[in-house]
Amino acid sequence: MRVDVISIFPEYFAPLDVSLIGKARERGILDVHLHQLRDWAHDVHRTVDDTPYGGGPGMVMKPDPWGEAIDAVLDADPTTRPRIIVPTPSGVPFTQRLAMEYAAEPWLLFTPARYEGIDSRVMAEYGSRTRVDEVSVGDYVLAGGEVAVLVMVEAVGRLLPGVLGNARSAVDDSFAPGAMENLLEGPVYTKPPEWRGHEVPEVLLSGHHGRIARWRRDEALRRTAKNRGELLAALDPESLDKHDRKLLAELDLPADSASGDG
Ligand code: ADE
């Protein structure tokens, strides 16, 4: 997969050199191209922002440098078009589903903004030629979109074939589609079997795969109920078996959470 990032802080992306993503790049699975937006700002100060029309606080990123920068990236391969991802707190939520969708794309172009965001005409211009997604990584405001790009590249990169050592790890993720979709992963343990008086749950040492799977599902349901009531409430009742319903009935859930009886 090719990934381009245009930013006024390309040095922000040094973490993409290390760990899983760094290795994916070394192995040629991920081809990352970083660009300095100011290379397409032509005044002496290489200005990329200006005051907002209509007034208000902060500055808005000018369309000209963005237009020239994006054109230059698009020209790198005129036979195809990248999917353009604009990080913004006003965007659609970034989810595991979206990460999987992006992992199936051959080419992504990220355009992280600083200040109050990018002049909206840039998204309109490219939205008529390729897919442009405005995406938020959470309901909070970052100082800029760079960290959001790191989040998305890591979430997408680990899904690319050959990146994770154990292909099952991505299948078992919290939020991954399947039987455990929208359930959080439960607690995990490793050796030793006892540490500072805390014991590993006996069932995990039993070697009984059926009991272990059931225990993991119980823990996933408990944790989801405790930490993410809204996910529990949104569960498809059809996806709950008799044991799930019994467990949920025993938990002291608020009225708007899944009761398990449809
Ligand atoms: N830029 C600033 N805040 C952001 C957020 N929450 N998600 C994506 N981009 C952002």
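**Note on the predicted model: backbone, pockets and one helix**

1. Arg196 sits in the loop that runs between S8 and strand S9 (198-199). Although Arg196 is not a glycine, its phi is positive, at about 50 degrees. The residue counts as exposed, with a relative accessibility of 71%. The model is a predicted one, and the values in this note should be read with that in mind.

2. A second non-glycine residue with a positive phi is Ser19, at about 60 degrees. Ser19 belongs to helix H1. Its relative accessible area is 53%, and Ser19 is exposed because the cut-off for that class is over 50%.

3. The peptide bond between Lys191 and Pro192 is cis, with omega at about 5 degrees. Pro192 is placed in the loop between H6 and strand S8 (194-195). Strand S8 thus borders two of the loops in this note: the loop holding Pro192 and the loop holding Arg196.

4. As for the whole, the protein has nine helices and nine strands. Its C-alpha atoms fill a box of roughly 70 × 45 × 40 Å along the principal axes. There are 262 residues, and 42% of them count as buried. The exposed area of the protein is about 15000 Å², with 53% supplied by carbon and sulfur atoms. Among contacts with a separation of 6 or more, 72% are between residues 24 or more positions apart.

5. Helix H1 covers residues 19-26, and its buried residues are Ile21, Gly22 and Ala24. Which side of H1 do they occupy? They lie on the same side, because the arc they cover around the axis is only 160 degrees. The buried residues of H1 pack against helix H5 (146-157). On the face turned away from this buried side are the exposed residues Ser19 and Glu26. Ser19 is therefore a residue of H1 that is exposed, at 53% relative accessible area, and has a positive phi. After H1 comes Gly28, with a positive phi near 80 degrees.

6. The largest pocket holds about 680 Å³ of space. Its lining is made up of 30 residues, and those nearest the centre are Asp172, Glu185, Val188, Ile212 and Arg216. Two helices, H6 (168-171) and H7 (209-227), each supply at least two residues of this lining. The most comes from H7, which gives six residues. Sorted by class, the lining has 18 nonpolar, five polar and seven charged residues.

7. Helix H7 also contains Glu219. Is Glu219 buried or exposed? Its relative accessible area is 17%, so Glu219 falls under the 20% cut-off and is buried. Leaving aside residues up to four places away in sequence, Glu219 touches Gly186 and Pro187.

8. The second largest pocket has about 430 Å³ of space. Pro87, Thr88, Pro89, Glu116 and Gly117 are the closest to its centre among the 26 residues that line it. Strand S5 (83-93) and strand S7 (132-136) are the elements that give two or more residues to this lining. The largest share, five residues, is from S5. The lining divides into 14 nonpolar, nine polar and three charged residues.

9. How many cavities of 30 Å³ or more does the structure hold? There is one, and its space is about 50 Å³. The residues lining the largest cavity are Trp66, Ile70, Ile84, Val86, Thr111, Ile118, Val122, Met123, Tyr126 and Val132. Helix H2 (63-75), S5 and helix H4 (121-127) are the elements that give two or more residues to this lining. H4 gives the most, with three residues. By class, nine of the lining residues are nonpolar and one is polar, with no charged residues. S5 thus supplies residues to the lining of the largest cavity and to that of the second largest pocket.

Key
Residues numbered from 1 in each chain as written. Predicted model: local features only at pLDDT ≥ 70, side-chain atom pairs only at ≥ 80, totals over all residues. Heavy atoms only, no water. 1 Å grid on protein atoms, 1.4 Å probe; cavity = no way out; pocket = protein on both sides within 12 Å on 5 of 7 lines; lining within 4 Å. Points joined across faces, edges and corners; volume = space filled by probe spheres on them. Helix = DSSP H or I, 4+ residues; strand = E, 2+ residues; numbered from the N terminus. Nonpolar A, V, L, I, M, F, W, Y, C, P; charged D, E, K, R; others polar. Buried < 20%, exposed > 50% of the residue type's maximum accessible area, 1.4 Å probe, protein only. Arc of directions from axis to C-beta. Contact = heavy atoms within 4.5 Å. Areas by Shrake-Rupley, 256 points an atom, 1.4 Å probe, with all protein chains shown as cover.
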